[in-house]
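Good morning, and thank you for making time for this presentation. Please take a moment to look at the sequence and the structure before I begin.

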Amino acid sequence: MKKRIDLVMFDLDGTLADTGHDLASSVNFTRAHFGLEPLPERSIHAQVGRGVEYLIKHALPEKSPDDFSHVLHVFLGHYERHLLDRTVLYPGVRDVLDYFCAKRKVVVSNKMYRLTLAVVRGLGVEDCFDAIFGGDSAVEKKPHPALLHVALRRFQLSAANAVIVGDGDTDIEAGKRAGVMTCGVTYGLGDKSDLIAAAPDLLIDDLTELYDHFC
């Protein structure tokens, strides 16, 4: 039997959009800028999902913490110019957004708000969402539940009738801590074994499988 929901919260990177190529390109541009060898894309993807600060610290561990602001400046300068070079929506995303047209829908990403908005807007789906939240839209990033609490308060909705959909264990932990339903997608950038270990309420291989579980 399908569960009735009032709010669907979507992660961005690895859930709605395949942002991996552009993120990896900007990381390797930054590494080259500082005379460092490039990293394989998959190793960079493994660091995506916890915010740009986490990504930079783990993708350029050779750099001193004292250089962090400069490294971040180089990365952001490149990424903001190239964040839509190869980034695309995953299959079925537009259909799912249309299917849930009568529901509140939000983006809850650990990516900076301005970058989140730029990607969502650039992919032509900004109007499909009632709100867009980035990692700097709340006091803490996922796996802290703060972003989800912000979304629930914005629309004065019960956690019991909300679901978060994401490809990372951070999404699932945030959802559990916020008291909402959790749905993991296996096709994204996150580590599948970590996602499974997080024990989401629902695990799907294709976003359109949401049709079978929620109404």
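In which helix is Thr170 found? Thr170 is found in helix H8. I should state at the outset that this is a predicted model.

Let me stay with Thr170 for a moment. Its relative accessible area is 4%, so Thr170 is buried, the cut-off being under 20%. Setting aside residues up to four places away in sequence, Thr170 touches Gly49, Arg50, Lys142 and Pro143.

Two of those partners, Gly49 and Arg50, bring us to the largest pocket, since they appear in its lining as well. The space in this pocket is about 420 Å³. Its lining is made up of 30 residues, and those nearest the centre are His45, Gln47, Val48, Gly49 and Arg50. Helices H3, H4, H8 and H9, the last covering residues 192-197, are the elements that give two or more residues to this lining. What is the lining like by class? There are eleven nonpolar, nine polar and ten charged residues.

I turn next to Leu189, which lies in the loop between strand S7, residues 181-185, and helix H9. Is Leu189 buried or exposed? Leu189 has a relative accessible area of 5% and is therefore buried. Along the chain, Leu189 and Val48 are 141 residues apart, yet their C-alpha atoms are separated by 7.2 Å. Apart from its neighbours within four places in sequence, Leu189 is in contact with ten residues I shall name in part: among them are Asp13, Asp18, Gly20, His45, Val48, Tyr90 and Asp167.

Gly20 leads us to helix H1, which runs over residues 20-33. Its 14 residues, at 1.5 Å a residue, should span 20 Å, and because the end C-alpha atoms are 20 Å apart, the expectation and the model agree. The buried residues of H1 include Gly20, Leu23, Ala24, Val27, Asn28 and Arg31. They are covered by, among others, strand S2 (17-18), helix H2 (41-45), helix H3 (52-59) and helix H4 (68-82). After H1 comes Gly35, which has a positive phi near 75 degrees.

One residue on the H2 side of this arrangement is Ile44, which is found in helix H2. At 1% relative accessibility, Ile44 counts as buried. Its contacts, not counting residues up to four places away in sequence, are Ala24, Val27, Asn28, Leu39 and Leu55.

Leu55 also belongs to the largest nonpolar core, which has 49 residues. Together with Phe10, Phe75, Phe129, Val165, Leu207 and Leu210, Leu55 is among the residues that touch the most other members. Helix H4 supplies the largest share of this core, five residues. A second, separate core has 20 residues, including Ala131, Ala151, Ile164 and Ala178. As general background, nonpolar side chains in soluble globular proteins tend to be buried together.

Finally, consider helix H7, residues 146-155. How many of the ten residues of H7 are buried? Seven are buried, and the helix is mostly covered. The buried residues are Ala146, Leu147, Leu148, Val150, Ala151, Leu152 and Phe155. Their packing partners are strands S1 (7-10), S4 (104-108), S5 (131-133) and S6 (162-166), along with helix H8 (169-178). H7 is followed by Gln156, whose phi is positive and near 50 degrees.

With H8 we are back at the helix in which Thr170 is found. Thank you for your attention.

Technical notes: Residues are numbered from 1 along each chain as its sequence is written. This is a predicted model: local features need pLDDT of at least 70, side-chain atom pairs count only at pLDDT 80 or more; totals for chains, interfaces and linings use all residues. Side-chain values use heavy atoms; hydrogens and water are left out. Helices (H or I, at least four residues) and strands (E, at least two) are DSSP runs, numbered from the N terminus. The expected span of a helix is 1.5 Å times one less than its number of residues. Buried means under 20% relative accessible area, exposed over 50%, partly exposed in between (1.4 Å probe, protein chains only). Contact means heavy atoms within 4.5 Å. A nonpolar core is a set of buried Ala, Val, Leu, Ile, Met, Phe, Trp, Tyr and Cys residues joined through side-chain atoms within 4.5 Å. On a 1 Å grid over the protein atoms alone, a cavity is a set of points where a 1.4 Å probe fits but cannot get out, and a pocket is an open set with protein on both sides within 12 Å along at least five of seven lines; lining residues have an atom within 4 Å of a point. Grid points are joined across faces, edges and corners, and a volume is the space filled by probe spheres set on the points. Ala, Val, Leu, Ile, Met, Phe, Trp, Tyr, Cys and Pro count as nonpolar, Asp, Glu, Lys and Arg as charged, and the others, Gly among them, as polar.
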